[in-house]
Amino acid sequence: MGYRTPFQIHLLSVISPELSFTIRHDNYRMTNSGRLTFLTVIFLLFGCSLISETQRGIRAIYFDNNAGGPQIHTYATHGNLSSLPTSVLFKTGELSSAGSFQEWAATNLDVSLAPIVRLTENQSESHVKYQQMYEDIPIEGAVYTAHFEDGLVWSVTGQVYDDIDVDTQADLSAGETSNLLLEENPDWLIMDRSTLVVLPAYSGEETLFTLVYRTGVFDKGTNVAGNVFTDADTAEIVRVEPVMVSALPDGTGTTSDGRSVQLNTQHTTEIPPIEDGIIIQDLREGFRLMDTTRNLHTVSSGGSSMGMEYLFNPQDDGTINWADWNYSLASHDVIEDDNIWERSPAAVDVHWGMQVAYDYFQNTHGRTGFDGNNGYLRGVVDYDQGLRNAFWFKYMPGVFYGDGGSYGRSMTVLDIVAHEYTHAVESSIVDLNYYEESGALKEGIADIFMTDIKFQNGRNNWSVAPELVGPNVRNLQDPHASEAPDTFEGRFFGEFSTAYERELGLRDLQQHHNSTVLSHWFYLLSEGGEGENDNEDHYDIEPVGRERMVGVVYKSLFMLHPNSTFKDMRDATTSIVQREYGKCSEELKQVTNAWNAVGVGDPYCDCFEGSFTGRFETDDGPAEMKYFFKKDKYAVEVTDSKGNPQVLYTSSTDPYHHVRGYPDIDASTPQGFMMKNMFQRKIPLFASPPPFNTRKEYLEYRNEARTGRTREEGEYTVYEHRMQEATVWSTEEVCLSFADLAGTIGAFGPSGSSGARQMFFGFPTEFTVPGEGSIRVLDIQEHPVSDSYFGGAFLSPSN
Ligand SMILES: [Zn+2]
């Protein structure tokens, strides 16, 4: 191969004209040994089939002997919002405190973090959430959570941004912004003052950062609340995001039940004379729905909604000056003389339902109170008039229940109370944005815990409040029954609005509708199921069990960040299952396959343990690569035509940050330059071809490329594919081990390999391009592999 600047990989450009990989750096020119490295990279790329793993960004999995587990780094959800990792695994003991993590992030990622809150689960486990700041202004939704075990950071997950460039001088003040909003929208109330934030949004090509005010508003006309983001210079609305998290979209149907329940109440004479600074003296004697142990309180708003409350300051001269106003809710205790509650069924429903949900989270997940700290939670019945919904509202922490209007029954059945209680729990852990995929996750999570609570209380069905609204408002077992999706971006999957769409209607943005992708995944793992999804992927899921899976979902909450996507949820749950049950476990296989069943990512491949050898041609003659796999470990040796080792790469070298300090990678050579930059993600090395949008698109493409010829290679059936001039023989699906390896080497930059990997149909055993050469796997052997293969370090390429 001659000298080219910048050079291109013609092997790939032959396959697909748009797939021309161009190195965006022209300081280095190709040499034969450079080509050797490149062929290695090409081969590794072709050894990976993380097709739908990469639909929404790049994922790489790293392994580390010392950490004893996988290092999973996920990039760029919602398209490519950021090239910074959404997950980092640290070696045990590497970081000892939250402070050292902040320093690590500042040094290694160049991001500024401010701690927000510490979430403590038990004596050995805690999590600290950090807000990313840009010139002292918070970046909306940019959160990292550091996970501690026995006082040491072992992992960090979340989403933060790089390459932020925004002018932080606002032309408008917060007060001016609020006033302009109220002038234009007289039905709105300001619930949360205008706050300056930097809003990131993916335009389809790049992440745009805008300096905005975030203002919490409540629309009196529609009884809906939202965060309104306005340009800090012009007050133009750039985004509206609902914050009220309701149980149901409008629906139809009605029924009732008459269960006898126990309630924790409080006699009014036991109430302290002063509560929250308010003197209590007018309560009628009797019992109220205050559970002083669980800190749960049920009140009624008697059909009223939010009202304006005027505040006055008494002056020394006896006059009173107007001071300010607030919005508040007039509510009152529900009193029963004899503690036999027969006259307020809605309040009984809510009080009992909250007790059940509280006990469930306490007994099943070890969480005391919705916030893990036995915090006060209020349930409000008879909110407004004719409201056929219920919602969790973070501005006035509590859950509000409508009277049901035409349903003829309050929106207070256990399903709804449990669903809303879960919203309160989730909000106190991750607080997913009620928008796009994160909003759908929020609803799916609420339905998952709702279902577990129902089953534990003898309500054994997979529908949401069927006795109230009919069986198919949301049916987790059969989402299609209610025209909801069971496959990500499949049939009935609702279009999310774009980030910058002006959504003044504050309507339901498909959060409930699309949530069934997640809740159906949970159903499949609870009960099992076989079928074909909308991507025409066949699946056959053996149940892992509802009880075990709900524990995984609970733990995954701590791994998510406010903008998490379905893919993030897949990553969180699979990493938890892998940590608990192992990389080659039946549990991980089922959980992974269930994600594939709902259209999120690839199916599981059997664990491969053994080695294979690849041979390819260089200008100097043949060269070989040997790969060794053993559960979480792998190693690669590359030798040139003279038998000299060129690259030895093992799982003991963490390419993300441990290699960073290796002075022995000589960046003056092409190989060293590439390796160093690949590992450190300093630059995007390759231009990316357009990716497949769905797994179905990929499968159609693959099937068109198949010639129908097959042959046996060791224990594997391999298939011939023709793509323009190239011929590729490859297996049906790639073992996760191969994918891990290729994902590691192949994770070049912000978007570099995502499209390239979608060209691969399995593990290739032969790859030929006329006039360019070929790569041929000499053998695939499953056998025990010595640990000595994995102990080496990265070798500087010799010339
Ligand atoms: Zn909800």
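A residue counts as buried under 20% relative accessible area, as exposed over 50%, and as partly exposed in between (1.4 Å probe, protein chains only). This is a predicted model, in which local features need pLDDT of at least 70, side-chain atom pairs count only at pLDDT 80 or more, and totals for chains, interfaces and linings use all residues. Residues are numbered from 1 along each chain as its sequence is written, and side-chain values use heavy atoms, with hydrogens and water left out.

**Exercise 1.** Find out how enclosed helix 13 is.

*Solution.* Start with the element itself: helices are DSSP runs (H or I, at least four residues), numbered from the N terminus. Helix 13 covers residues 586-597. Next, go through its residues: Glu587, Leu588, Gln590, Val591, Thr592, Asn593, Ala594, Trp595, Asn596 and Ala597 are buried. That makes 10 of the 12 residues, so helix 13 is largely enclosed by the rest of the structure. Finally, look just past the helix, where Gly599 takes a positive phi of about 85°.

**Exercise 2.** Classify the ring pair of Phe361 and Phe449, and place both residues in the chain.

*Solution.* Rings of Phe, Tyr and Trp (its six-membered ring) pair if their centres lie within 6.5 Å; planes under 30 degrees apart count as stacked, over 60 as edge-to-face and the rest as tilted. The whole structure holds 19 aromatic pairs. For Phe361 and Phe449, the centres are 5.4 Å apart and the planes stand at 40°, so this pair is tilted. Now place them: Phe361 belongs to helix 5 (residues 345-365) and Phe449 to helix 7 (residues 436-456), 88 residues apart. Both Phe361 and Phe449 are buried.

**Exercise 3.** Do the same for Trp462 and Phe522.

*Solution.* Their ring centres lie 6.1 Å apart with the planes at 55°, so the pair is tilted. Trp462 sits in the loop between helix 7 and helix 8 (466-469), while Phe522 is in helix 10 (residues 516-527), so the pair ties together parts 60 residues apart in sequence. Trp462 and Phe522 are both buried.

**Exercise 4.** Describe the surroundings of Ser178.

*Solution.* First, locate Ser178 in helix 4 (residues 174-184). Its relative accessible area is 12%, so Ser178 is buried. Then list its contacts (heavy atoms within 4.5 Å): leaving out residues up to four places away in sequence, Ser178 touches Ile190 and Ser194. Last, check for a polar contact, which is a pair of N or O atoms within 3.5 Å; within protein, one must be able to donate a hydrogen and the other to accept it, and residues adjacent in sequence count only if both atoms are side-chain atoms. The side chains of Ser178 and Ser194 make one at 2.9 Å.

How values were computed: Helix = DSSP H or I, 4+ residues; strand = E, 2+ residues; numbered from the N terminus. Expected span 1.5 Å × (residues − 1).
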